Amino acid sequence: MPRFPRPLAGVFRRSGSASQPRAQAAASARSYTATVLLNVTSGPRGQYLNFFGYQHGQPLARAEILGDGPLVLTVEASTVEAAADHVYLIGNSAGADSFNRSWPSGVRALSVGDVLHITGSDGREVHLAVASDGYERVDAPTNIVPLAGSTAITHV
């Protein structure tokens, strides 16, 4: 499956080159919505196993604002990979989306093994698993579990 490199946390990619006018770069941006699915796979002693990467069928919990429903992020980007980069940074408390929504407190940071469900303004959907060196396209996850009571909650 194709892999896409991910920038280091806190480092934003520039849209366009230095010679490209800013207005032209902004015109090429599209709106994307994203839902983050946190890998809550754990071992027999409760240890996190998501750091080994996502495997189809592992349990995933939708990131949400606790007590207020699923967190749906909206970002402007030129490509789905750039949208994933923006969501990755938000998921590591390094920014906010187009509506100033940031990562919810009490939910662990986005990391390797988690899955991004991204929908473009054209309606096309893609699922990208966060890998140690970028993203990997994966099939739509099938094992969605509640966030409450999962290993993705850091405190209540």
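Buried, as used on this tour, means under 20% relative accessible area, exposed means over 50%, and partly exposed lies in between, with a 1.4 Å probe and protein chains only. The structure is a predicted model, in which local features need pLDDT of at least 70 and side-chain atom pairs count only at pLDDT 80 or more, while totals for chains, interfaces and linings use all residues. Residues are numbered from 1 along each chain as its sequence is written, and side-chain values use heavy atoms, with hydrogens and water left out.

**Whole chain**

Begin with the whole chain in a cartoon view, where the secondary structure comes to two helices and 10 strands; helices (H or I, at least four residues) and strands (E, at least two) are DSSP runs numbered from the N terminus. Read from the N terminus on, the elements follow the order β-α-β-β-β-β-β-α-β-β-β-β. Of the 156 residues of the chain, 42% count as buried. If contact is taken as heavy atoms within 4.5 Å, then among contacts between residues at least 6 apart in sequence, 65% join residues at least 24 apart.

**Salt bridges**

Next, show the charged side chains and look for salt bridges, each being a side-chain nitrogen of Lys or Arg within 4 Å of a carboxyl oxygen of Asp or Glu; a search of the whole structure finds four. Select Arg108 and Asp114, whose side chains meet at 2.7 Å, N to O. Arg108 is buried at 10% relative accessibility, and Asp114 is buried too, with a relative accessible area of 0%.

Move on to Glu81 and Arg137, another salt bridge, in which the closest N and O atoms are 3.3 Å apart. Glu81 belongs to helix H2 (residues 80–90) and Arg137 to strand S9 (residues 134–138), so this pair ties together parts that are 56 residues apart in sequence. Here Glu81 counts as buried, at 15% relative accessibility, whereas Arg137 counts as partly exposed, at 28%.

**Helix H2 and the nonpolar cores**

Keep H2 selected and colour its residues by accessibility: nine of its 11 residues are buried, so the helix is largely enclosed by the rest of the structure. Among the buried residues are Val80, Ala83, Ala84, Val87 and Ile90.

Now display the largest nonpolar core, where a core is a set of buried Ala, Val, Leu, Ile, Met, Phe, Trp, Tyr and Cys residues joined through side-chain atoms within 4.5 Å. Of its 27 residues, Val36, Leu116 and Ile118 touch the most other members. Strand S2 (30–39), strand S6 (72–77), H2, strand S7 (115–120) and strand S8 (125–131) each supply at least two residues of this core, and H2 gives the most, with six residues.

Centre the view on Val36, which, residues up to four places away in sequence not counted, touches Ala61, Arg62, Ala63, Val87, Trp103, Leu110, Val115 and Leu116. A second, separate core of six residues can be picked out afterwards, including Leu37, Val115, Ala129 and Val138.

**The second largest pocket**

Which residues lie nearest the centre of the second largest pocket? Select Tyr32, Val80, Gly120, Asp122 and Arg124, which do so among its 13 lining residues. A pocket is found on a 1 Å grid over the protein atoms alone, as an open set of points where a 1.4 Å probe fits, with protein on both sides within 12 Å along at least five of seven lines, and lining residues have an atom within 4 Å of a point. The volume of this pocket is about 160 Å³, taken as the space filled by probe spheres set on the points, which are joined across faces, edges and corners. S2, S7 and S8 each supply at least two residues of the lining.

Stay with Arg124, which lies in the loop between S7 and S8 and is exposed, with a relative accessible area of 63%. Asp122 forms a salt bridge with Arg124, the closest N and O atoms lying 2.9 Å apart. Leaving aside neighbours within four places in sequence, Arg124 is in contact with Ile118 and Thr119. From Arg124 to Val80 the distance is 10.0 Å, C-alpha to C-alpha, across 44 residues of sequence.

**A last stop at Gly57**

Finish at Gly57, in the loop between S2 and strand S3 (60–62), where Gly57 counts as partly exposed at 32% relative accessibility. Gly57 and Ile144 are 87 residues apart in sequence, with 9.0 Å between them in space, C-alpha to C-alpha.
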